Amino acid sequence: MLSVLDIFRIGIGPSSSHTVGPMRIARRFVRALEKAGELPQVERVAVELQGSLALTGVGHGTVDASILGLAGFRPERTDPDEAARTLASIREDKRLQLGDQREIAFDSQADIELVGHIIPDLHPNGMVLRAYDASGKLLREGTYFSTGGGFVASQAQLKKPPKDDQVKAGAKVPHPFGSAQELLALCAEHDLSVADLILANEDAMRPREETIAGLDRIAQAMDGCIDRGLTQRGILPGGLKVQRRAPDLWDKLSGNPLSNEREQLFDWLNCYAMAVNEENAAGGRVVTAPTNGAAGIIPAVIRFYCKTADDADCAEKRRLFLLTAGAVGLLYKQRASISGAEMGCQGEVGVACSMAAGGLAALWGATPHQVASAAEIGMEHNLGLTCDPVGGLVQVPCIERNAIGAVKAVNAARLALHRTGAESLVTLDQVIETMRQTGLDMSNKYKETSQGGLAVNVVEC
């Protein structure tokens, strides 16, 4: 099975599928050249971005991410300021260092081609890389796909259908599951919470202390992103002239922290979620949760309900939350998709809302069945949510949508905990399958292509 540490990845904005994924793909291609001993012969590298990667690639940072990947940058270790300096140098000198061995001429306008009219059958986020020698002979060609949340796959990997036992088992773990029904049955059989069952599976992948350290590192990165987003002011890049709002809202809330206004709960969640997604829009350091476009929901809910100042058990609560939310995310990744280019925004904000609802329900003492119910409610009321970013930028409606998603996640957890008696009429497995079918039926105009919805009805300034 996948690990929850695969669901939560530290990287840079503005998009996990359009920034983190292409960076990883480009770096992977260079490493393949190096491993095959072909790198010293390379004189030119050409990148072809297909489908959604091309249609919203400029606004989503795909071109820059591809260049950085060729230059050896890794998303989880990338410093945005260093990346900006490297990009400026490459564009000025028209030279690029492949790995540590080979410097080549490189002109992004000539060597990176956007072919939005090609929508690959395997996945709409296609990427083809080609390396040539001095005579123009093709040394290597690779076709890859950025499948959402920073996950990547080669053409061969996506063409090879997994066996039934691989879908369920994957990595050898003590409690393999391929559905929510199986997950809940295992929890009941072994008298374990969702978080404890997932932690036992993680133990089969690495020592527990490494898993705990990984979860803490994720939580700290989420906190750091919120903190930075609360202090940075100004206009977000991209030309839409979107003003950062989180710092002003933070100042207002901090000036009156003990307000009895019940609706202030919304303000706090809105503030934290927007802080993250404004940072993401600016190309800052964020955590895929499960994607960059939906990165603000889980950190906002964790921050509000796991306060650091007066909560001695804060670290344990955050681990519980992340393990439970991660379990929900694994189900969506394995049974459907977390790619906006495949599912629309229901596969990003919808999944994040579902994950946050399940995590918060667990934090409030929910049973495994109540956790699943919270996750189901979180998605059920996001079904059909489209991805139609204005100008191809992860700003409108993405930033506010995360704020709405955080509030909705809290309400979903409340509804699940108040449920008594009969089981929910809709199961988590059923809502995941419904999301998958809805994504397949959805027009490509509304799946991260900026060809429909708000993207064509809002006039860019």
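Leaving aside its neighbours within four places in sequence, with which residues is Leu215 in contact?

## Leu215 in helix 11

Leu215 is in contact with Val4, Leu5, Arg319, Leu322 and Leu323, once neighbours within four places in sequence are set aside. The model is predicted, and every value here is computed from it. Leu215 is found in helix 11, which spans residues 208–229.

Is Leu215 buried or exposed? Its relative accessibility is 0%, so Leu215 counts as buried. Leu320 makes a useful reference point. Leu215 and Leu320 are separated by 105 residues in sequence. In space, their C-alpha atoms are 9.6 Å apart.

## Confidence

The chain has a mean pLDDT of 94. A pLDDT of 70 or more is reached by 95% of its residues. One stretch needs caution: over residues 164–169 the pLDDT is below 50. Beyond near neighbours in sequence, that stretch has 9 contacts in the model.

## Helix 10 and its surroundings

Helix 10 covers residues 194–203 and is mostly covered. Of its 10 residues, 7 are buried. They are Val194, Ala195, Leu197, Ile198, Leu199, Asn201 and Glu202.

Which helices do these buried residues pack against? The partners are helix 1 (4–7), helix 9 (180–190), helix 11, helix 15 (314–335) and helix 18 (368–380).

Thr324 shows the packing from the side of helix 15, where it lies. Its contacts include Val194 and Ala195, leaving aside neighbours within four places in sequence. On the same basis, Thr324 also touches Gly358, Gly359, Ala362 and Val371. Thr324 has a relative accessible area of 1%, so it is buried.

## The second largest pocket

The second largest pocket holds about 660 Å³ of space. Its lining comprises 33 residues. Nearest its centre lie Gly13, Ala281, Ala282, Gly283 and Gly284. By class, the lining has 14 nonpolar, 12 polar and 7 charged residues.

Which helix gives the most to this lining? Helix 5 does, with 5 residues. At least two lining residues come from each of helix 4 (62–70), helix 5 (80–93), helix 11 (208–229) and helix 13 (264–281).

## A hairpin: strands 3 and 4

Strand 3 (residues 95–98) pairs with strand 4 (residues 102–105). The sense is antiparallel, over 4 bridges. In strand 4, Ile104 is the bridge partner of Leu96, and Glu103 is the bridge partner of Gln97. The two strands form a hairpin, with 3 residues between them. In the turn, Gly99 has a positive phi of about 60°.

Side chains alternate along strand 3. Leu96 and Leu98 point to one face and are buried. Arg95 and Gln97 point to the other face and are not buried. The bridge pair Leu96 and Ile104 thus involves a strand 3 residue from the buried face.

## Cis peptide bonds

Two cis peptide bonds merit a check in the backbone. One joins Gly13 and Pro14, with omega about 10°. Pro14 is found in the loop between strand 1 (10–12) and helix 2 (16–35). Gly13 is also one of the residues nearest the centre of the second largest pocket.

Another cis peptide bond joins Ala289 and Pro290, with omega about 5°. Pro290 lies in the loop between strand 9 (285–287) and helix 14 (297–305).

## Positive phi outside glycine

Lys241 has a phi near 60°, a positive value in a residue other than glycine. Its place is the loop between helix 11 and helix 12 (246–255). Lys241 counts as exposed because its relative accessibility is 62%, and the cut-off for exposed is over 50%.

Ser450 also has a positive phi near 60°, and is a residue other than glycine. Ser450 lies in the loop between helix 20 (428–441) and helix 21 (454–457). Is Ser450 buried or exposed? Its relative accessible area is 17%, so Ser450 is buried: the cut-off for buried is under 20%.

Notes: Residues are numbered from 1 along each chain as its sequence is written. This is a predicted model: local features need pLDDT of at least 70, side-chain atom pairs count only at pLDDT 80 or more; totals for chains, interfaces and linings use all residues. Side-chain values use heavy atoms; hydrogens and water are left out. pLDDT is the predictor's confidence in each residue, from 0 to 100. Contact means heavy atoms within 4.5 Å. On a 1 Å grid over the protein atoms alone, a cavity is a set of points where a 1.4 Å probe fits but cannot get out, and a pocket is an open set with protein on both sides within 12 Å along at least five of seven lines; lining residues have an atom within 4 Å of a point. Grid points are joined across faces, edges and corners, and a volume is the space filled by probe spheres set on the points. Ala, Val, Leu, Ile, Met, Phe, Trp, Tyr, Cys and Pro count as nonpolar, Asp, Glu, Lys and Arg as charged, and the others, Gly among them, as polar. Buried means under 20% relative accessible area, exposed over 50%, partly exposed in between (1.4 Å probe, protein chains only). Two strands pair if DSSP finds at least two bridges between them.
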